[in-house]
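The following paragraphs offer a guided reading of the structure shown below. They proceed from local backbone features to a helix, the disulfides and a pocket.

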Amino acid sequence: MHRRAPARPKVVQSVVLFLLTSALAGALVAGLALPLAGLAGVTTAKAHDTVQYLPQDLKAAPVSQKSIIQAADGSLIATLYQENRVPVTLAQISPLMRKAIVAIEDDRFYEHGALDLKGTLRALLRNQSQGAVQQGGSSITQQYVKMNLVEKAKTPDEAAAATADTYERKVAELRYAIAVEKEYSKDQILEKYLNLANFGDGAWGVEAAALHYFSVHASRLTLPQAAMLAGLVKNPTGYDPTNSMKRAKERRDVVIRRMQELNIVTAAQAATALKTPVIDPKKVRNVPNGCANSKYPFYCEYIVSQLKNNPSFGKTPQAAENYLETAGLVIRTSLDPRIQKAAEDSMKKHSKPSDQAVAAVTIVEPGTGLVKAMAQSKPYGNKKGQTSYNYNVEKSYAGGYGGFQNGSTMKAFTIAAAIEKGVPLTYRITSPQQIDLSGKKFSTCSGTTSDPDYKPKNSTKTILDPSMIDAAKASTNTYFLQLSEQVGLCPIATIASKLGMQDAQTMKPLQQVPSFTLGSAGLITPLMLANAYATFAARGTFCTPLLVTAVTTSKGKSIPVKGRSCKQALTPKVADGVNYVLNKVMGDGGTGSRLKFGRSDLAGKTGTINGNIAVWFAGYSSRLAAASVVADATPKYTDLAGLTLNGKKIGNASGSGTAGPIWETALQGALKGLPSTHFVQPDDKTIRGDVKDLPQLKGVLPPIAIAQLQQLGFQAEVAPAPVDSDAPAGTVAYTSPRQEDGAPAGAKITLFLSNGSRAMPPPPPTTPGPPGIPPTIQLPPGWPNCPPTDPHFPNCRKR
């Protein structure tokens, strides 16, 4: 709080009084480092100029305090600070500590004003007789002012000015001290002093010092402990017991003897204290600083990077960082230590830091977006087998790796888009091992796209005309490529975007390319994928990933941070359909069947990218969702086959066999002890889809069949190769989708024409016979004549 500047006459009176006091004090010899002869260099005019424009009050700098980052249960994740300090009230400081600091620094503190003339002159004489500075002349109030000015300094030049051995600085210091004495009581000044002082070895303030050197609170400091801390203030580095036990003891003993001289302690108490060891090295407690020293360094760094971009903490990342390290904040996060341990245990079981491949897993809570755990195979650091990259997150800060292509885990979004358009889960598409999509146009949100030379293959074996469920279980590439071509890339990309999927390098939308459904549209992170799949688990409710749940100041005031942000991105019916399909992936015959565990309903999807550079498994229950990846993260990126994982050569990498076990162990541990959950079963309309009946076209000539389909609003195309069928050659053998399944409005119907290999010959013409006698069938040469009523007629044909 600043007072209004006084009228001119009062300023002049203050200056005159101030200069007289300064002269008597020997040029304000704070520490008496300046000789008396120096007074000749300070003119009355210069002193007047120095004082005239000083504010009437000292604007105290906010006391720098350490901030802490906590897990969801309140346990410590990390401490952030520039100065390790824990402010306390005077009542929380041992009376012995208060008396010790006053005894050695300013024993007449409670008797004088801003300047102790008697003490200063006594110190001057003593120092002159000794030929060196033995006793300080600055009062505790003056020292507090100096500490405050240093604390407020924002640049090296400002810090130098705050400590310069100049008369101008000392004149200013005393003027401020006068203002402080007017505004605060002696006890208030002493409290501020003890909280601001540097006690060496990274400890600022008496509470942090007591905890650091003795593992006790300031309220419980004993006589020898208090004396040691009081002695440190004069030279925090020189008297630091961790630097020199001998010098620290000598200084401590000076304080104890001074307390005895002042009758603060008895001779017996002093004698006992002098025999006490300075510190017990085993009790020295260091406070780790920063995320690098955190138990969860990657998670911590990601949180700090987000907070630095929060306008509530500063206009620039640098200002926000300074605020984080000085404001004494309590930052509560979403990390669940129990679930984090499950993720880390999985990493320890399935990988080693020395592996050539890297592995990572993220676990998210559906319906809240709370990021419960992040773990990866390589520990934090710069040594061999360590990394500073966080493989779970986007490249939004220096440590974010920025993702990997995610392969067939993208098929889940194609399934969602198809269900949204009314495609039945039984929808069949003929899906050979390889198809030619060269030049095939795929519709996008802005037009069309194509690949001039694109002949994709299946990486697994599948039936020729799988349903959507069959194709998901076998991860049939050719099915989902055709499905995405029919549904259109725009609806698929739109759903993926709604569920938080974007390129983890650029944070821009994924590219709408023909192979979008196979995961080549951009780079994805385990955090993104786990959170997107959590949307299916939450029946279509998408929540932005949430790591910081609350931030409060040292006084308990809340600071605005982004809280839960959820919206209905998919209808519950669409999400139920996706859950139904991906649950079948975990069943018999599915690529995830070997990863099924427990009694809860589980859903999941494998993912493998071209060249096997990365493999994925993403899956969930209604309670938790997780995504795991194993990849080569070292340029030039190579096939995982031949690289080491868990100390062994990988061999044939796959989503289920390589990344899957990491997901399984992590999620199984995370769900351990929790009640089982089940998905909501989709309704009949979702399973059967919003379909229109298809006409019976078997045996119909192609032009007629196409015309019929177009009249009903369908598209039609003829398959390039004929198929074995009992329909006449050149006519429709069957359609895809099948006539009995129907198809969504506007769907593309493929006509498969018969080669006639299984066709029955056409019935021969008949010759009328006499009345009452069956007509004779005219059969081709070599065929026996037999009446159509003959029960053996089918065998009449030539053998």
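At 35% relative accessibility, D201 counts as partly exposed, because the category covers values between 20% and 50%. The model in which this residue is seen is a predicted one. D201 belongs to the loop between α8 and α9 (206-214). Its backbone merits inspection: phi of D201 is near 50°, a positive value in a residue that is not glycine. Most residues other than glycine have a negative phi.

A second residue of this kind is N263, whose phi is positive at about 65° although N263 is not a glycine. N263 is placed in the loop between α11 (245-261) and α12 (267-275). With a relative accessibility of 68%, N263 counts as exposed, because the threshold for that class is over 50%. The positive phi of N263 comes just after α11, and that helix is the next element to examine.

How many residues does α11 have, and what distance does it reach from its first C-alpha to its last? The helix has 17 residues and reaches 24 Å between those two atoms, close to the 24 Å expected at 1.5 Å a residue. Its buried residues are A248, R251, R252, D253, V255, I256 and M259. An α-helix has 3.6 residues a turn, so residues three or four places apart point the same way. In the sequence of α11, the buried set includes A248, R252, V255 and M259. Against which elements do the buried residues of α11 pack? Their partners are α3 (95-105), α10 (223-232) and α12. The loop that holds N263 leads from α11 to α12, and α12 is itself one of the elements against which the buried residues of α11 pack.

The peptide bonds supply two further backbone features. Most peptide bonds are trans. The bond from P635 to K636, however, is cis, with omega near -10°. K636 is found in the loop between β13 (625-631) and β14 (644-645). A cis peptide bond also joins S736 and P737, with omega about 0°. P737 has its place in the loop between β18 (732-736) and β19 (743-744).

Attention may now turn to the covalent links between side chains. A search of the whole structure finds three disulfides. In one of them, C291 and C300 are paired with their sulfur atoms 2.0 Å apart. The torsion about the S-S bond of C291 and C300 is about -65°, so this disulfide is left-handed. Are these two cysteines buried or exposed? Both C291 and C300 are buried.

Another disulfide is formed by C445 and C490, whose sulfur atoms are 2.0 Å apart. The torsion about the S-S bond is 95°, and the link of C445 and C490 is right-handed. This pair links distant parts of the chain, 45 residues apart: C445 is in the loop between β6 (442-444) and β7 (447-449), while C490 is in helix α19 (residues 489-498). C445 has a relative accessibility of 44% and counts as partly exposed. C490 is likewise partly exposed, with a relative accessible area of 22%.

The remaining disulfide joins C543 to C566, with an S to S distance of 2.1 Å. With 110° about the S-S bond, the link of C543 and C566 is right-handed. C543 lies in strand β8 (residues 541-543) and C566 in strand β10 (residues 566-568), so the pair ties together parts that are 23 residues apart in sequence. Which of the two classes, buried or partly exposed, applies to C543? At 4% relative accessibility, C543 counts as buried, whereas C566, at 38%, counts as partly exposed.

The last stop is the second largest pocket, which holds about 1,000 Å³ of space. Its lining comprises 30 residues, and those that lie nearest its centre are A61, P62, V63, S64 and T326. Elements that give two or more residues to this lining are α5 (140-152), α8 (186-196) and α14 (317-326). Which element contributes the largest share of the lining? That element is α8, with five residues. By residue class, the lining of the second largest pocket divides into twelve nonpolar, eleven polar and seven charged residues. The pocket also brings the reader back to the starting point, since D201 lies in the loop between α8 and α9.

Definitions and conventions
Residues are numbered from 1 along each chain as its sequence is written. This is a predicted model: local features need pLDDT of at least 70, side-chain atom pairs count only at pLDDT 80 or more; totals for chains, interfaces and linings use all residues. Side-chain values use heavy atoms; hydrogens and water are left out. On a 1 Å grid over the protein atoms alone, a cavity is a set of points where a 1.4 Å probe fits but cannot get out, and a pocket is an open set with protein on both sides within 12 Å along at least five of seven lines; lining residues have an atom within 4 Å of a point. Grid points are joined across faces, edges and corners, and a volume is the space filled by probe spheres set on the points. Helices (H or I, at least four residues) and strands (E, at least two) are DSSP runs, numbered from the N terminus. Ala, Val, Leu, Ile, Met, Phe, Trp, Tyr, Cys and Pro count as nonpolar, Asp, Glu, Lys and Arg as charged, and the others, Gly among them, as polar. A disulfide is a pair of cysteine sulfur atoms within 2.5 Å. Buried means under 20% relative accessible area, exposed over 50%, partly exposed in between (1.4 Å probe, protein chains only). The expected span of a helix is 1.5 Å times one less than its number of residues. Contact means heavy atoms within 4.5 Å.
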